[in-house]
Amino acid sequence: MENILSNAQTDGKTVKAARNNIAVSAIPLNDNATSAPVGGVLENWGSNITQIVNDSNRWSNTWFEQQGTFEAAVLFPRKLFSQELNHSATNMALAIRKNMHFLKNAKVISPVIDVAIGNEHICNIDPPVQMVFKVPKNSFKRKRSWGCVFWDKRLNYYAGGWSYKGCNSILINSTHVRCFCNHLTSFAVVMRLNHGHKLTKVHQKLLSVITYVGCCLSILGLGIIILTFLLFKKWRVDVRHKVLFNFALALVSFLLIFIIGIEQTRWIYGCMAIAVLLHYFMLASFTWMLVEAFIQYLNLVKVIGTYIPNLIQKAMIFAWGIPFVIVVIILGVNTDFYFNEHKHCWLSDKGFYYGVAAPVILMLLINYVTFAVILYFNTCGRATKQLRSNQTERQELIIRAKAVFCASVLLGLSWVFGFLADIKGAELICEYIFAVTTTLQGFLLSIFFVFRRKNTRDLWISVVKKHFESEVNQKTSGVSRQL
């Protein structure tokens, strides 16, 4: 049908036809007239597509809010017509049709808009094609996965399937959705599009509980680390504690923003800001883990000759600066990378690959190499000059065990399970391990660096004793005055 409409002889005029389930239009590729059509609106099923022209003020930010009866609308960038004049097709084919039974593999909840110019595969349209779809009123009452999609003929061994790639969506109101897509094909709004592994409701609920409980415990533990650093001057003199403080600050910022804002998708630009902050603080936590790994290397391997002038200042420039540079680059390349089709304020799949997976994998590899060196010098190389101790063998083993445990937590071993969660057959167990180990990371850090360190415990005990003695003295003096 698209080929017939694209090559039909229309004498430069728009040709329309409509039935109860479909409306079609052949739009001439002619940009000479000031009133050349640049889109169309289907008011009701059975009626023709109403044209939107260059001089029309019909398409505005408020028009679709005032008119709640139309079924679907589409607006093409004006330059698209002039760009395609060199193609063999003479018309742009536009069809708006009801969801038919043969459109499977997803629950389509909107009309389907078909746009084509002959057999040409037209993509990377900037600005993108805009569409508005009418959807059932109760579609978004429950929290479900939905989004704007296009029909990709290459999926399912070229049998075709719906894909989110290149499309972004905004919920206008309870009955209308706006879509932005950067190519020409068939478009729709779908509900519950399956992305491979699908968790049952029980597992989803359990993982959600584990995530939020773990995050709260981590925030508590990280808060204790930050408070310890701020309260005790003696504790914050140590460079290792300065690194730990910055790492805790980055991680607690990420967790707080995650809990408060990950599902705040109503305001699109606010959601984008949340995604940017989450991305930044997540990368910052990894860069500070990298600095922590370097400090562990200096303390457990190098030992002698480890003085580096202005170490903490250099570490701050590196650990806070590198994530900022990465975020700016991602924003500069394409701001759409911070629009996620899975209804969370997070990066898109493509943005995640470039902005998270690539730098994180690189940092993890560096961490693992560092961890291997630390492990070697604390086991096989323990007799060398880099690791000498006057302590007993048992005490040495305890110190070694603490060092290995500390390194394994700090160097991000748990994040490996996040990447392994895409392996078929291992998704569920990896997701549980990832949820438990990652969200509890901050809590484990507080146990290891605060509660299990005698000198740190003594600092807190002294504060508690002073407070208790002060309370006792006040009560004693009060009783003495009454007598």
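Which cysteine forms a disulfide with cysteine 271? Keep that question in mind while the whole chain is on the screen, and bear in mind throughout that what you are looking at is a predicted model.

**The whole chain**

Begin with the cartoon of the protein chain, in which 15 helices and 14 strands can be picked out. If you colour by burial, buried residues make up 45% of the 483 residues. With the surface switched on, the chain exposes about 26,300 Å², and carbon and sulfur atoms supply 60% of that area. Among the contacts with a separation of 6 or more, 70% are accounted for by residues 24 or more positions apart.

**Strand β8 and its partners**

Select residues 112-116 next, which form strand β8, a mostly covered element in which five of its five residues are buried. Showing the side chains, you will find that Val112, Asp114 and Ala116 point one way from the strand while Ile113 and Val115 point the other way, and that all of them are buried.

Now add residues 91-97, strand β6, which pairs with β8 in the antiparallel sense over five bridges. To follow one of these pairings, select leucine 94 and its bridge partner in β8, valine 115. Then add residues 186-191, strand β14, which also pairs with β8 in the antiparallel sense, here over two bridges. Isoleucine 113 has phenylalanine 187 as its bridge partner in β14.

**The cysteines of the strands**

Select the cysteines and show their side chains; a search of the whole structure finds three disulfides. Counting the bonded cysteines along the chain, the disulfides follow the pattern 1-3, 2-4, 5-6.

Start with cysteine 148 and cysteine 179, which are joined by a disulfide with an S to S distance of 1.8 Å. Looking along this link, you should find -75° about the S-S bond, which is a left-handed arrangement. The pair links distant parts of the chain, since cysteine 148 is in strand β10 (residues 146-152) and cysteine 179 is in strand β13 (residues 176-181), 31 residues apart. Both of these cysteines are buried.

Stay with strand β13 and move to cysteine 181, which forms a disulfide with cysteine 167, their sulfur atoms 2.1 Å apart. This link is right-handed, with 120° about the S-S bond. Here too distant parts of the chain are linked, with cysteine 167 in strand β12 (residues 167-171) and cysteine 181 in β13, 14 residues apart. Is cysteine 167 buried or exposed? Cysteine 167 counts as buried because its relative accessibility is 4%, a value under the 20% limit. Cysteine 181 is likewise buried, with a relative accessible area of 1%.

**The disulfide at helix α8**

The opening question can now be answered by selecting cysteine 271 together with cysteine 345, which form a disulfide with their sulfur atoms 2.1 Å apart. The torsion about their S-S bond is about -120°, and the disulfide is therefore left-handed. Cysteine 271 is in helix α8 (residues 268-302), whereas cysteine 345 is in the loop between α9 (311-333) and α10 (349-377), so that the pair links distant parts of the chain, 74 residues apart. Cysteine 271 and cysteine 345 are both buried.

**Two cysteines without a bond**

Select cysteine 215 and cysteine 216 together. Why is the sulfur of cysteine 216 not in a bond with the closest cysteine sulfur? The closest one, in cysteine 215, is 7.0 Å away, which is too far for a bond, given that a disulfide requires sulfur atoms within 2.5 Å. Cysteine 215 counts as buried because its relative accessibility is 2%, whereas cysteine 216, at 48% relative accessibility, counts as partly exposed.

**The annotated transmembrane regions**

For the last stop, colour the spans that an unreviewed UniProt entry annotates as "transmembrane region": residues 209-231, 243-261, 267-291, 311-332, 352-377, 397-420 and 432-451. Over residues 209-231 the chain is 100% helix and 0% strand, and a line drawn between the end C-alpha atoms spans 33 Å. Finish at residues 432-451, a span that is 95% helix and 0% strand, with its end C-alpha atoms 27 Å apart.

Conventions
Residues numbered from 1 in each chain as written. Predicted model: local features only at pLDDT ≥ 70, side-chain atom pairs only at ≥ 80, totals over all residues. Heavy atoms only, no water. Helix = DSSP H or I, 4+ residues; strand = E, 2+ residues; numbered from the N terminus. Buried < 20%, exposed > 50% of the residue type's maximum accessible area, 1.4 Å probe, protein only. Contact = heavy atoms within 4.5 Å. Areas by Shrake-Rupley, 256 points an atom, 1.4 Å probe, with all protein chains shown as cover. UniProt positions renumbered as here; feature names shortened; annotations may be inferred. Pairing = 2+ DSSP bridges.
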